[in-house]
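Student: Could we go through the empty spaces and the ligand site of a protein model, and check each term against its definition?

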Amino acid sequence: MILAKWLDFQILGDERGSLVALEQGKIIPFEIKRVYYIYHTEKNVSRGFHAHRELKQVAICISGSCRMVLDNGLVREEVIMNSPVKGLLIDSLLWREMHDFSEDCILLVLASEHYTEADYLRDYSAFKREVGNA
Ligand code: T46
């Protein structure tokens, strides 16, 4: 895997259960400006289908599972997200698609920038031109 970069979180568990703490500047490699989560995704719905010019993100599947596709215009990789103790670092200029959401899937995303639609590349051909692989 060259596109999918995983961060392994420490589990601060005890006899009561498990806890994961994510601190900016420790395991998260950017300043966290935004947090959002995707949940209750309808059956057979896929999401994403875009890239970001600048945004970097860490996605964590804190419940259930989904399949994430990453594509840099030359290489396409897919990973199954099903662990609350692993974060997928999604760099800028990577096309992403999310498929096969389980009913209980909750995808928590830590983002390096505030939301701005201007940062999105929602057309695959435009994305390929931007990364120089058209
Ligand atoms: C990504 C993948 C993993 C906002 O208003 N603020 C936000 O912070 C976000 C993330 C979205 N929105 C609005 C924009 C749309 O009207 O919420 C709506 C759904 O967003 P979108 O269609 O972009 O959602 P996904 O699931 O296709 O993609 C999202 C993120 O947008 C994206 O950055 O990498 O999750």
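The conversation below takes the ligand site, then the pocket, then the cavity.

Tutor: Keep in mind that this is a predicted model, in which local features need pLDDT of at least 70 and side-chain atom pairs count only at pLDDT 80 or more, while totals for chains, interfaces and linings use all residues. Residues are numbered from 1 along each chain as its sequence is written, and side-chain values use heavy atoms, with hydrogens and water left out.

Student: What makes a contact between Tyr120 and the ligand a polar one?

Tutor: A polar contact is a pair of N or O atoms within 3.5 Å; within protein, one must be able to donate a hydrogen and the other to accept it, and residues adjacent in sequence count only if both atoms are side-chain atoms. A polar side-chain atom of Tyr120 lies 2.5 Å from an oxygen atom of the ligand, so this pair meets the cut-off. The side chain of Tyr36 has an N or O atom 3.3 Å from a ligand oxygen, and for Gly48 a backbone N or O atom lies 2.9 Å from one.

Student: Which residues come nearest to the ligand?

Tutor: Arg34, Arg47, His52, Gln57 and Tyr120 do, out of 13 residues around the ligand, where being near requires a heavy atom within 4 Å. The strand β3 (47-52) gives the largest share of this shell, four residues; strands are DSSP runs (E, at least two residues), numbered from the N terminus.

Student: Why is the space taken by the ligand called a pocket?

Tutor: On a 1 Å grid over the protein atoms alone, a pocket is an open set of points with protein on both sides within 12 Å along at least five of seven lines, whereas a cavity is a set where a 1.4 Å probe fits but cannot get out, and lining residues have an atom within 4 Å of a point. The ligand takes the space of the largest pocket, and a molecule sits in one if more than half of its atoms lie within 2 Å of its grid points. This pocket holds about 260 Å³ of space and is lined by 18 residues, with Tyr36, Ile38, His50, Met98 and Tyr120 nearest its centre.

Student: How many cavities of 30 Å³ or more does the structure hold?

Tutor: There is one cavity of 30 Å³ or more, and the largest cavity has a volume of about 40 Å³, a volume being the space filled by probe spheres set on the points. Its lining includes Arg34, His52 and Tyr120.
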